[in-house]
Amino acid sequence: MGPALELRGITQVFDGTEVLRDVDWVVDAGERWVILGANGAGKTTLMRIAALTQHPSRGTVDVLGQRLGRTDVRTLRERIAFSSPALAASLAPQMTAVEVVMTAKYAALAPWWHQYTDADRARALSLLERFGCGALVDHTFPTLSAGERQRVLLARTLMNEPGVVLLDEPTAGLDVRGREELVADLAKWAGDSSHPPTVLVTHHVEEIPPGFTHALVLRAGGVLASGPMARTVNSEVLSDAFGIALRIDADNGRFSARLA
């Protein structure tokens with residue numbers, strides 16, 4: 001099998017401004033990536049391109065062996081698990097937790113556009129149980145806590161047995177307990193070789209789960225560093241990325257950042 005993601009020469013221009021510039025990035029089977037960078041570095045834009053919800057101004061995008069522009073993106077999106085704050089806000093608010101998970105089968109934002117079977121509901125229920133949300137099945141999505149919503153969205157990512165998982169700032173809005181529980185969930189995820197390649201966007205090294213293998217560090221729309229954690233998540237690289245002298249420490253697979 002080829003790479004799950006292969007992006008070459010990706011440039012994105014908005015209103016004459018280059019948000020991304022000549023980005024090359026390859027995610028292979030079994031890898032768990034984190035994307036780091038300051039606000040405005042281009043992290044979310046890159047994720048949207050990888051999720052096939054946005055076309056780049058220049059460059060080629062290959063996802064699961066298929067090239068953007070030469071394939072039916074509606075079908076290919078069903079093999080991409082993409083979770084982001086924007087996606088959560090776009091879901092029909094009257095959906096229950098089980099409907100949120102089921103609609104991932106067709107990459108849909110509401111349940112009334114497609115028909116679902118008893119088997120689809122059974123799978124969704126099983127996934128909710130797996131992520132500790134079995135008691136929330138019939139609760140409407142907006143009534144859930146921030147942590148519960150993130151767990152439901154994680155369950156949603158596995159509905160279709162996806163080929164790649166893209167998580168854009170899944171810890172946004174969580175308190176310390178919710179963040180730590182989600183990091184623990186993602187650490188278990190990373191340690192399961194049956195799970196597909198995974199990409200996580202975050203601003204904070206403290207939110208990198210143990211078991212993640214690689215990092216892509218962006219600065220002002222370009223690639224500052226890319227590769228294994230030891231080479232990318234360190235004081236020198238991240239001080240450069242954030243424009244401030246940082247000391248990055250690691251302890252049992254968890255990172256922390258402080259002023260140097």
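This is a short talk on the sheet, two helices and the nonpolar cores of one protein model. Keep in mind that the model is predicted.

Let's start with the sheet. It is open and has 6 strands, in the order E6-E7-E8-E3-E9-E10. The pairing is mixed. Which strands stand at the edges? They are E6, residues 80-83, and E10, residues 222-228. Each has a single partner strand, so one side of each is left without a neighbour in the sheet. From one strand to the next, the twist averages 15 degrees.

Now look at one pair in that sheet. Strand E3, residues 32-36, runs parallel to strand E8, residues 198-201, and 4 bridges join them. Find Ile 35, and opposite it you will see Val 201 in E8. A quick reminder: strands of a sheet pair through backbone hydrogen bonds, either parallel or antiparallel.

Something also packs on this sheet. That is helix H1, residues 43-50. H1 touches E3, E6, E7, E8 and E9. Its direction makes about 150 degrees with that of E7.

Next, helix H5, residues 118-130. H5 has 13 residues and reaches 18 Å from its first C-alpha to its last. That is close to the 18 Å expected at 1.5 Å a residue. Which residues of H5 are buried? Asp 120, Ala 124, Leu 127 and Leu 128. Seen down the axis, they fall within an arc of 100 degrees, so they line one face of the helix. Here is the rule behind such patterns. An α-helix has 3.6 residues a turn, so residues three or four places apart point the same way. Turn H5 around. The face away from its buried side carries the exposed residues Asp 118, Ala 119 and Glu 129. The cover over the buried residues includes H4 and helix H6, residues 146-157. Just after H5 comes Gly 132, with a positive phi of about 70 degrees.

On to helix H7, residues 176-190. H7 has 15 residues and spans 21 Å between its end C-alpha atoms, close to the 21 Å expected. Its buried residues are Gly 178, Leu 182, Val 183, Asp 185, Leu 186, Trp 189 and Ala 190. They cover an arc of only 160 degrees around the axis, which puts them on the same side of H7. The face turned away carries Val 176, Arg 177 and Lys 188, which are exposed. What covers the buried side? The cover includes E3, H6, E7, E8 and strand E12, residues 254-259.

Now the cores. In soluble globular proteins, nonpolar side chains tend to be buried together. Here the largest nonpolar core has 50 residues. Val 101, Leu 128, Val 152, Ile 208, Met 229, Val 233 and Leu 238 touch the most other members. Helix H4, residues 97-102, gives the most to this core, with 5 residues. Apart from it lies another core, of 31 residues, including Trp 25 and Val 201. You met Val 201 already, opposite Ile 35.

Last stop, Val 233. Where does Val 233 lie? In the loop between helix H8, residues 229-232, and helix H9, residues 235-242. Buried or exposed? Val 233 has 5% relative accessibility, so it counts as buried; the cut-off is under 20%. Beyond four places in sequence, Val 233 touches Leu 36, Val 205, Ile 208, Ala 215, Leu 238, Ile 248 and Phe 255. Gly 221 is 12 residues away along the chain, and its C-alpha is 18 Å from that of Val 233.

How values were computed. Residues are numbered from 1 along each chain as its sequence is written. This is a predicted model: local features need pLDDT of at least 70, side-chain atom pairs count only at pLDDT 80 or more; totals for chains, interfaces and linings use all residues. Side-chain values use heavy atoms; hydrogens and water are left out. A nonpolar core is a set of buried Ala, Val, Leu, Ile, Met, Phe, Trp, Tyr and Cys residues joined through side-chain atoms within 4.5 Å. Buried means under 20% relative accessible area, exposed over 50%, partly exposed in between (1.4 Å probe, protein chains only). Helices (H or I, at least four residues) and strands (E, at least two) are DSSP runs, numbered from the N terminus. Two strands pair if DSSP finds at least two bridges between them. Axes are lines fitted to C-alpha atoms, for helices over the stretch in contact, and angles run from 0 to 180 degrees between N-to-C directions. Contact means heavy atoms within 4.5 Å. The expected span of a helix is 1.5 Å times one less than its number of residues. The arc is that of the directions from the helix axis to the C-beta atoms.
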